[in-house]
Amino acid sequence: MTLCIREAGEGEATTAPVLTCPKCQTPIALGAVGAAWTLHGPRDIGERLIPTMGALEREELHVLLLNTRNVVLADVRVYQGNVSSSLVRVGELFTEAVRRNAAAIVIAHNHPSGDPTPSPDDLRLTAEALAAGRLLDIQLLDHVVIAGDRWTSLRDRGVAFDR
């Protein structure tokens, strides 16, 4: 199933991005364009990204860039892989964070398989990103895996993200 996202057209009352259900064509507003998105916990990430990443047929890895108050500055797609994997170079996770002076990042990626269980590769990437973030003074707050209508936070699973 592919989800289509479109901006409201000319003459439409809403200025929010709209998600269209592929089965019934019902429009679902995703929130006001430019509205601040503040992260309070992993649930905020999972619920916000499920509509756009949950049904993807290829693995994608996104980096959310945050300011010092955990307001999302940008959602940057860093990689698009195939149905089962994505080759990720840790240095590229931080490129936009450095460029935009982000204080912190969150890594989010999807599992097209529908199983949000973190893989050994996910754990390794998280450990490497934590080490790189310490060197760059950019905190990695979490790594969230999206799969279908479910998500898993590595922080909630006990991975130590503290400095």
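These legends describe close-up views of a predicted model. Local features need pLDDT of at least 70, side-chain atom pairs count only at pLDDT 80 or more, and totals for chains, interfaces and linings use all residues. Residues are numbered from 1 along each chain as its sequence is written, and side-chain values use heavy atoms, leaving out hydrogens and water.

**View A. An open sheet of five strands.** The strand order is 5-4-6-7-8, with mixed pairing. Strands (E, at least two residues) and helices (H or I, at least four) are DSSP runs numbered from the N terminus; two strands pair if DSSP finds at least two bridges between them. Strand 5 (72-80) and strand 8 (150-153) are the edges; each has a single partner strand, so one side of each lacks a neighbour in the sheet. From one strand to the next, the twist averages 20°.

**View B. Strand 7 beside strand 8.** Strand 7 (residues 139-147) and strand 8 run antiparallel, joined by four bridges. V145 has T152 of strand 8 as its bridge partner.

**View C. Helices on the sheet.** Helix 1 (residues 42-53) lies across strand 4 (60-66), strand 5, strand 6 (104-110), strand 7 and strand 8, at about 140° to strand 8. Helix 4 (residues 120-136) touches strand 4, strand 6 and strand 7, making about 160° with strand 7. Contact means heavy atoms within 4.5 Å. Angles run from 0 to 180 degrees between N-to-C directions, with axes fitted to C-alpha atoms, for helices over the stretch in contact.

**View D. The buried residues of helix 1.** P42, I45, G46, L49, I50 and M53 are buried, that is, under 20% relative accessible area (1.4 Å probe, protein chains only). They cover an arc of only 125° around the axis, which puts them on the same side of helix 1. The arc is taken from the directions from the helix axis to the C-beta atoms. Their cover includes strand 4, strand 5, strand 6, strand 7 and strand 8.

Conventions: Buried < 20%, exposed > 50% of the residue type's maximum accessible area, 1.4 Å probe, protein only.
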